[in-house]
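Please open the model in your viewer and keep the sequence panel beside it, since each stop on this tour begins with a selection.

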Amino acid sequence: MTEKAHIVYFSGTGGTALAAETLCAALLNAGVHTRTSEIVWNHLPQPEAEETLVLMFSVYAADAPGTVARWLSTLPKRMHGTAAVVSVSGGGEVSPNTACRTRTIRRLARKGYAVISEYMLCMPSNFMIPTPDGIAVNLLRILPEKCARIAAEIAAGTQNRKRPLLIDRVLLVLFSLEKVGVKFFGRTLKAKNPCNGCGQCARQCPSGNIRMQNGKPKFGWKCVLCMRCLYACPQHAIRVGMPVFSRMMLRDGFDLQTIQTMAASGTVPDTASVKESGAWKGVLSYFDSDTV
């Protein structure tokens, strides 16, 4: 039985942060004393020995973002630590994401943590292909139910380990090259007019990739492609320097708060055309599944 838990999470544009908040509430309801901490470049939380670590992260390049790996390297070794790993993606537990927790679990093992369970939560996508409104809204509406199931298993100490596809293990190695490209993506970002030098991008960058210089943001080589600065800039002033990289952004932007407002309303967006098209197969099966 789990009595104490510490949710440590990395979030880009808010999806994983919302999932962490929802899971925290579910664990508290299950009788587990729970706290949350966000991983950012200048704040590296340290779980206590008696706490079950619940590590949550957004999936990037079919893996955890580099910021999570750097945080894991700072963890002290535990004699008998226990952990659960929760990945968050816009596509679900489908290829190439089935191996996205593999390296993280291995790193936790080297630190003395026994990972007893792993899960995949689906949240609206902020990358390349926008999630249709009907699916995005329903993902937020089903989130408390999914988190309640996760919380019940963590509280009971239930084992729930998954077996990644062999092809995804291979792709995980290949996608490591994408992480190099991501650094170039971040370096090409520029603040154009009407940037007013508010500094919000620098304050909110979770990887410490942005600093203010002469009243304007300057971008370095630490980007992890979380997209937070691009979507959250109040002036919409940040631009991608290379056309090939600009395709990664959603044309109409990404605003989780807008989706939350739709989810809180009584409106039920139409999903029939999505089901008929056969797209979003992994997410649609996530809706139908009793497991996470």
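Begin by selecting phenylalanine 184, which at 44% relative accessibility counts as partly exposed. Bear in mind throughout that this is a predicted model. Now add tryptophan 221, likewise partly exposed, with a relative accessible area of 46%, and view the two rings together: they form an edge-to-face aromatic pair, with 5.3 Å from centre to centre and 90 degrees between the planes. Colouring by secondary structure shows phenylalanine 184 in helix H6 (residues 176-188) and tryptophan 221 in the loop between strand E8 (216-219) and helix H8 (228-232), so the pair ties together parts that are 37 residues apart in sequence. The structure has five aromatic pairs by the count used here.

Staying with helix H6, select helix H5 (residues 166-174) as well, and look at how the two axes come within 4 Å and cross at roughly 35 degrees. Where the helices meet, display Leu172, Val173 and Leu174 from H5 together with Ser176, Leu177 and Glu178 from H6. Sorted by class, this contact of H5 with H6 comprises four nonpolar residues, one polar and one charged.

For a ring with a different kind of partner, select tyrosine 286 and lysine 146: the charged end of the lysine sits over the tyrosine ring, 4.4 Å from the ring centre.

Next, select the cysteines. How many disulfides does a search of the whole structure find? The search returns zero. Cysteine 100 is accordingly in no disulfide, and the nearest cysteine sulfur, which belongs to cysteine 122, is 11 Å away; cysteine 100 itself counts as buried, because its relative accessibility is 0%. Cysteine 198, by contrast, is partly exposed, with a relative accessible area of 35%. Its closest cysteine sulfur is in cysteine 233, at a distance of 6.2 Å, which is too far for a bond, given that a disulfide requires the two sulfur atoms to be within 2.5 Å.

Finally, move to helix H1 (residues 15-29) and select alanine 20, which is found there. Is this alanine buried or exposed? Alanine 20 is buried, with a relative accessible area of 0%. Show its surroundings and, leaving aside residues up to four places away in sequence, you will find that alanine 20 touches Ile7, Tyr9, Thr36 and Met56. As a last distance to draw, connect the C-alpha atoms of alanine 20 and glycine 266, which lie 246 residues apart along the chain and are separated by 25 Å.

Definitions and conventions: Residues are numbered from 1 along each chain as its sequence is written. This is a predicted model: local features need pLDDT of at least 70, side-chain atom pairs count only at pLDDT 80 or more; totals for chains, interfaces and linings use all residues. Side-chain values use heavy atoms; hydrogens and water are left out. Buried means under 20% relative accessible area, exposed over 50%, partly exposed in between (1.4 Å probe, protein chains only). Rings of Phe, Tyr and Trp (its six-membered ring) pair if their centres lie within 6.5 Å; planes under 30 degrees apart count as stacked, over 60 as edge-to-face and the rest as tilted. Helices (H or I, at least four residues) and strands (E, at least two) are DSSP runs, numbered from the N terminus. A charge sits over a ring if NZ of Lys or CZ of Arg is within 6 Å of the ring centre and within 35 degrees of the ring normal. Contact means heavy atoms within 4.5 Å. Axes are lines fitted to C-alpha atoms, for helices over the stretch in contact, and angles run from 0 to 180 degrees between N-to-C directions. Ala, Val, Leu, Ile, Met, Phe, Trp, Tyr, Cys and Pro count as nonpolar, Asp, Glu, Lys and Arg as charged, and the others, Gly among them, as polar.
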